[in-house]
Amino acid sequence: QYLGFILFKRVHQGLVLTAKALRYYQDVHVIFNKIHESTNNIRFNHKLNSLQLNISPSISSLLVAPNIASFQEKHGNNINIKASDDNTDLIKGEADIYIRCSQHKFSNFNNIKLAAEKMLMISSRKIATEISNIADFKTQNIILHGARPYIFTNWLKEKSIDINQLKQISFEHFFMIIEAVRNHVGIAFVPDFLVTNMIKNQELVNVLNINYHTDFNYYILQK
């Protein structure tokens, strides 16, 4: 009513923007993007006295968050953490430290190798009791990483197992996969350092002691 024209029209699938509303959106979208960018720049300038971390979501959730208090106690920093694995963030250069997983080093950064990626096959203790050999995988969900399904599929090929004969489910991040495994959804490959304590505490099981190394490494990146 304030704009003087109708914003939406009803179609079979729901609501869509009218032609006038679409043109209006295209105009104001640019403006709001500029406001968002300016706001972030101001926020960034106010944070110059704090440590800016940009870390992949699974590492942020499972390793950094539980240990950040002790780090802060030792170093006394104000800390701002962004959970991201978007490499376009590297171009923006707003963080002091990035942690990324890659097959290669990153140009224009000081690359400090944290670890080579070693995958462990994991399950809950309940599901582990149902698996005595690889043939038993056919009774379980195979949990894949959405962006890297080949972690599991390549291993299956090496064992001459047809993945199409197995039940599959995928998640976007390793921390989501681990949570699904803890809730007896299936079996999965995840980086060893994310689940070392969970296996030690018998929350999870390394199925049949299966592990393998990928050609990925984890890096700390600094300008």
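In this predicted model, helix α7, spanning residues 192-200, has L194, V195 and M198 among its buried residues. These three cover an arc of only 50 degrees around the helix axis, which puts them on the same side of α7. A look at the other face is a helpful complement: turned away from the buried side, that face carries N197 and K200, both exposed. Just after the helix, Q202 adopts a positive phi of about 65 degrees.

What does the buried side of α7 meet? Part of the picture comes from helix α6, residues 174-182, where F174, I178 and R182 meet L194, V195 and M198 of α7. Two packed helices are described by the angle between their axes and the distance between the axes. For α6 and α7, the axes come within 11 Å and cross at roughly 25 degrees. Angles under 35 degrees count as roughly parallel, and α6 and α7 are therefore roughly parallel to each other. Their crossing is right-handed.

Further along the chain, strand β10 covers residues 204-222 and includes N206. Is the N206 residue buried or exposed? With a relative accessibility of 17%, N206 counts as buried, because buried means under 20% relative accessible area. The polar side chain is not left without a partner here: from N206, it reaches the backbone oxygen of I210 at 3.0 Å. Once neighbours within four places in sequence are set aside, N206 is in contact with L120, M121 and I199. Of these, I199 brings the account back to α7, the helix of residues 192-200.

Definitions and conventions. Residues are numbered from 1 along each chain as its sequence is written. This is a predicted model: local features need pLDDT of at least 70, side-chain atom pairs count only at pLDDT 80 or more; totals for chains, interfaces and linings use all residues. Side-chain values use heavy atoms; hydrogens and water are left out. Helices (H or I, at least four residues) and strands (E, at least two) are DSSP runs, numbered from the N terminus. Buried means under 20% relative accessible area, exposed over 50%, partly exposed in between (1.4 Å probe, protein chains only). A polar contact is a pair of N or O atoms within 3.5 Å; within protein, one must be able to donate a hydrogen and the other to accept it, and residues adjacent in sequence count only if both atoms are side-chain atoms. Contact means heavy atoms within 4.5 Å. The arc is that of the directions from the helix axis to the C-beta atoms. Axes are lines fitted to C-alpha atoms, for helices over the stretch in contact, and angles run from 0 to 180 degrees between N-to-C directions. Angles under 35 degrees count as roughly parallel, over 145 as roughly antiparallel, 65 to 115 as roughly perpendicular and the rest as oblique. A crossing is left-handed if the near helix is turned anticlockwise from the far one by less than a right angle, and right-handed if clockwise.
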